[in-house]
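Trainee: Got a minute to go through this one with me? I'd like to start with the overall layout and then pick at some details.

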Amino acid sequence: MSDSAIHSIAGAAGGIVAMTATYPLIFLSTRAAVETKNDQKSTYQALLDIIKREGILGLYSGLGSSLLGIAITNGVYYYFYERSRDVILRSKHGRRKALDTLESMLTGLIAGSATTIISNPIWVIQTSQAVQTMGSDSNQKPVSRKLGFWETVQSIIAKDGISAFWRGIGPALVLVINPIIQYTTFEQLKNLLISRRTARLRAIGAATAIAVLSDVDYFILGALSKLVATSITYPYIVVKSRLQAGSANALKYKSSLDGLITILKDEGIDGLYRGMGSKLVQSVLTAAILFAGQRRIFEITKASIMPLIKS
């Protein structure tokens with residue numbers, strides 16, 4: 001089995017762990033992003049309201065489709081990212097063992113575009129499940145039963161047809177820049193940290209030493225890189241969430257740019273950053289867990305599989 005395939009498995013597993021740990025924050029930020037009222041509640045008030053109406057389990061609506069989505073998203077992304085990275089590095093004929101900034105961006109573009117097209121239907125389903133009770137009054141009893149994964153699929157098809165599974169694909173493709181920024185930032189910070197630590201080791205006499213990063217290093221670098229990426233791209237995340245949810249207002253947007261302009265005009269600058277607080281916390285924690293976990297899972301998986309392949 002190739003390293004790319006093992007990276008894919010490790011990325012999927014790491015994503016499932018990270019998604020499970022942070023899902024309530026994803027749920028809250030999705031609802032906040034789709035909300036168009038100007039009297040939007042704080043994250044804490046929204047949390048209490050959901051628990052009151054839907055119980056603790058209400059915070060996990062759409063978790064199943066999210067876990068499937070993150071497994072597919074991360075599996076596909078890591079596979080294409082590592083394959084593209086290997087091709088670029090092999091083309092250098094051993095001259096360099098690290099990607100420069102432009103190469104990191106190209107690798108992220110290839111992996112991100114493939115992942116977005118393949119995984120968009122899953123995120124349409126997840127977003128639809130996350131917002132299906134938003135119209136309920138907080139003083140009313142919660143809906144008796146929420147739609148499951150396949151029922152949501154059937155509902156979307158019956159209402160809007162197969163094409164609905166690619167709602168929001170425009171801003172989603174624009175948001176390919178998010179992982180490009182994230183992974184480029186990560187790669188360059190990682191290279192810089194390794195370079196500096198290696199220089200220190202060699203300065204004290206270890207002439208051939210090469211610094212190795214710890215799980216804590218990967219955790220911190222993953223968090224920092226995601227913080228940068230999400231802060232820059234969040235307004236497009238709002239547009240994408242509204243389109244994927246099938247929001248009546250969002251479906252009138254002529255384009256992603258028109259969506260941004262309309263939100264800015266109707267809701268002000270705050271509308272472009274609805275739910276950003278919980279999204280930033282969730283994104284940073286997820287990325288930190290993923291980068292640290294994926295590396296460790298990759299090593300464990302490779303160590304377990306390689307003896308079986310050789311035998």
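Trainee: So in what order do the elements run from the N terminus on?
Mentor: Going from the N terminus, you read α-α-α-α-α-α-α-α-α-α. That's ten helices and zero strands. Keep in mind that this is a predicted model.

Trainee: Noted. What share of the residues in the chain is buried?
Mentor: Buried residues come to 50% of the 311 in the chain.

Trainee: And the surface, how much does the chain expose?
Mentor: About 15,400 Å², with carbon and sulfur atoms supplying 64% of that.

Trainee: What about contacts, how much comes from residues 24 or more positions apart?
Mentor: Take the contacts with a separation of 6 or more: 78% of them are between residues 24 or more positions apart.

Trainee: Let's go inside. Which residues of the largest nonpolar core touch the most other members?
Mentor: That core has 15 residues, and the ones touching the most other members are Tyr 77, Tyr 78, Tyr 81, Leu 99, Tyr 183, Phe 186 and Phe 291. At least two core residues come from each of helix 3, helix 7 (177-203), helix 8 (215-244) and helix 10 (276-310).

Trainee: Which helix gives the most to this core?
Mentor: Helix 3, with five residues.

Trainee: You listed Phe 186. What does Phe 186 touch, not counting residues up to four places away in sequence?
Mentor: Tyr 218, Leu 221, Gly 222, Ser 225 and Phe 291. Apart from the core we've been discussing, there's another one of 13 residues, with Tyr 234, Val 239, Leu 272 and Leu 280 among them.

Trainee: Leu 280, okay. Which residue of helix 8 should I click on next?
Mentor: Try Leu 227, which sits in helix 8. Leaving aside neighbours within four places in sequence, Leu 227 is in contact with Leu 280 and Val 284.

Trainee: Is Leu 227 buried or exposed?
Mentor: In between. Leu 227 has a relative accessible area of 36%, so it counts as partly exposed. Its C-alpha is 9.5 Å from that of Leu 285, 58 residues apart along the chain.

Trainee: Back to helix 3, then. Where does Ser 84 sit, and is Ser 84 buried or exposed?
Mentor: Ser 84 is in helix 3. Ser 84 is at 11% relative accessibility, so it's buried. Setting aside neighbours within four places in sequence, Ser 84 contacts Thr 107 and Ile 110.

Trainee: And Asp 86, buried or exposed?
Mentor: Asp 86 is also part of helix 3, which covers residues 63-91. Its relative accessibility is 25%, so Asp 86 goes down as partly exposed. The C-alpha atoms of Asp 86 and Ser 4 are 8.6 Å apart, with their positions 82 residues apart along the chain.

Trainee: New topic: helix packing. At what angle do helix 4 and helix 5 pack?
Mentor: Helix 4 (residues 101-130) and helix 5 (residues 149-160) meet at about 100°, and their axes are 10 Å apart. With that angle, helix 4 is roughly perpendicular to helix 5.

Trainee: Which residues make the contact?
Mentor: From helix 4, you have Ile 122, Val 124, Ile 125, Ser 128 and Gln 129. Helix 5 puts in Phe 149, Thr 152, Val 153 and Ile 156.

Trainee: How many of the residues in that contact of helix 4 with helix 5 are nonpolar, polar or charged?
Mentor: Six are nonpolar, three are polar and no charged residues take part.

Conventions
Residues numbered from 1 in each chain as written. Predicted model: local features only at pLDDT ≥ 70, side-chain atom pairs only at ≥ 80, totals over all residues. Heavy atoms only, no water. Helix = DSSP H or I, 4+ residues; strand = E, 2+ residues; numbered from the N terminus. Buried < 20%, exposed > 50% of the residue type's maximum accessible area, 1.4 Å probe, protein only. Core = buried A, V, L, I, M, F, W, Y, C linked by side-chain atoms within 4.5 Å. Contact = heavy atoms within 4.5 Å. Areas by Shrake-Rupley, 256 points an atom, 1.4 Å probe, with all protein chains shown as cover. Axes fitted to C-alpha atoms, helices over the stretch in contact; angles between N-to-C directions. Parallel < 35°, antiparallel > 145°, perpendicular 65-115°, else oblique. Nonpolar A, V, L, I, M, F, W, Y, C, P; charged D, E, K, R; others polar.
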